[in-house]
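I opened the file and kept a running notebook. The entries follow the order in which I looked things up.

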Amino acid sequence: VLNVRFLAVLFEIAGLFAVARLLRLFPERSVQGAGALSVPLSAAAMALLLALLSVEAYNYFFEFASGPRAARWMSLGAVSLVWGLYAASLLILGFRRKRRGLRYAALALFGLTIVKLVAVDMAGTQDVYRIVVFLALGLILVGAAYAYHRIEETPAGGKEGSA
């Protein structure tokens, strides 16, 4: 993670977030209509951050695995883990800031992670491991759905609409 490429791209992502924030804070000082760029800039920064974290996780585990087959599976698993953690972070951020778009993005990323896990990561594993992974995944999804429902019901949980 601490390499020149990572830090350079992270600096660029921070710049995108900063510009988006400034456009939101001071719309009267920007060019007319530039405030509308705040959301696309933030979305682009979030997508770049996800891509950066995915590439770094993949490369790290690919370099330190024992063989080429293990390297591939470990790297793909690390990317799935990064996506899941990133989606959970987006979901928490969406609830805290009461932003429906962040929550939708988190749910979409959870869905994409599940599809990747089922279609790619589990393709070459034994049946016993598949059963364990799917059972764990099912429990996590039920827990996430329950937590999502509980937070949506509370008055402080952002009841600005159903998400």
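**Entry 1. Contacts and overall make-up**

I began with contacts in the protein chain between residues at least 6 apart in sequence. Of these, 58% join residues at least 24 apart. I note here that the model is predicted. Next I listed the secondary structure and found five helices and zero strands. Read from the N terminus, the elements run α-α-α-α-α. I then checked burial over the chain. Of its 163 residues, 28% are buried.

**Entry 2. Helix α1**

I took α1 next, at residues 4-25. This helix has 22 residues and spans 31 Å from first C-alpha to last. The expected figure is 32 Å at 1.5 Å a residue, and I noted the two as close.

Which residues of α1 are buried? I found Phe6, Ile13, Ala20 and Leu23. Looking down the axis of α1, I saw these buried residues fall within an arc of 125°, so they line one face of the helix. The face turned away from that buried side carries Val4 and Phe11, both exposed. I also asked what covers the buried residues of α1. The cover includes α2, residues 38-64.

**Entry 3. The N-terminal end of α1, and Glu56**

What caps the N-terminal end of α1? Asn3 does, with a side-chain oxygen 3.3 Å from the backbone nitrogen of Arg5. I followed the side chain of Asn3 further and found a polar contact with the side chain of Glu56, at 3.1 Å. Glu56 belongs to helix α2. Is Glu56 buried or exposed? I read a relative accessible area of 7% for Glu56, which is under the 20% limit, so Glu56 counts as buried.

**Entry 4. Aromatic pairs**

I searched for ring pairs with centres within 6.5 Å. The count came to two aromatic pairs. One of them is Tyr58 with Phe62, a stacked pair at 5.7 Å centre to centre, with 15° between the planes. Both residues sit in helix α2, four residues apart, so about one helical turn separates them. I checked accessibility too. Tyr58 is partly exposed at 27%, and Phe62 is partly exposed at 40%.

I turned to Tyr60 and Phe61. Their ring centres lie 5.2 Å apart with the planes at 90°, so this pair is edge-to-face. Tyr60 has a relative accessible area of 47% and counts as partly exposed. Phe61 is partly exposed as well, at 30%.

**Entry 5. Helix α3 and charges over rings**

I measured out α3 along the model: residues 68-96, 29 in number. Its reach from first C-alpha to last is 42 Å, close to the expected 42 Å. Just after α3 I checked the backbone and found Lys98 with a positive phi of about 55°.

Where do charged ends sit over rings? I logged two tryptophans. Arg72 lies over the face of Trp73, 4.7 Å from the ring centre. The charged end of Lys116 sits over the ring of Trp83, 5.9 Å from its centre.

**Entry 6. Helix α4**

I then went to α4, residues 100-121. This helix has 22 residues and reaches 30 Å from first C-alpha to last, close to the expected 32 Å.

Which residues of α4 are buried? My list reads Leu102, Arg103, Ala106, Leu109, Phe110, Thr113, Lys116, Leu117 and Asp121. Seen down the axis of α4, they fall within an arc of 145°, so they line one face of the helix. On the face turned away from the buried side I found the exposed residues Gly101, Val115 and Ala119. Lys116 is thus listed twice in my notes: as a buried residue of α4, and as the charge over the ring of Trp83.

**Entry 7. Leu112**

My last lookup was Leu112, which is also in helix α4. How accessible is Leu112? Its relative accessibility is 48%, so I put Leu112 down as partly exposed. I closed with one distance. Leu112 and Ala87 are 25 residues apart in sequence, and their C-alpha atoms are 10.0 Å apart in space.

Conventions:
Residues are numbered from 1 along each chain as its sequence is written. This is a predicted model: local features need pLDDT of at least 70, side-chain atom pairs count only at pLDDT 80 or more; totals for chains, interfaces and linings use all residues. Side-chain values use heavy atoms; hydrogens and water are left out. The expected span of a helix is 1.5 Å times one less than its number of residues. Buried means under 20% relative accessible area, exposed over 50%, partly exposed in between (1.4 Å probe, protein chains only). The arc is that of the directions from the helix axis to the C-beta atoms. Contact means heavy atoms within 4.5 Å. A polar contact is a pair of N or O atoms within 3.5 Å; within protein, one must be able to donate a hydrogen and the other to accept it, and residues adjacent in sequence count only if both atoms are side-chain atoms. Rings of Phe, Tyr and Trp (its six-membered ring) pair if their centres lie within 6.5 Å; planes under 30 degrees apart count as stacked, over 60 as edge-to-face and the rest as tilted. A charge sits over a ring if NZ of Lys or CZ of Arg is within 6 Å of the ring centre and within 35 degrees of the ring normal.
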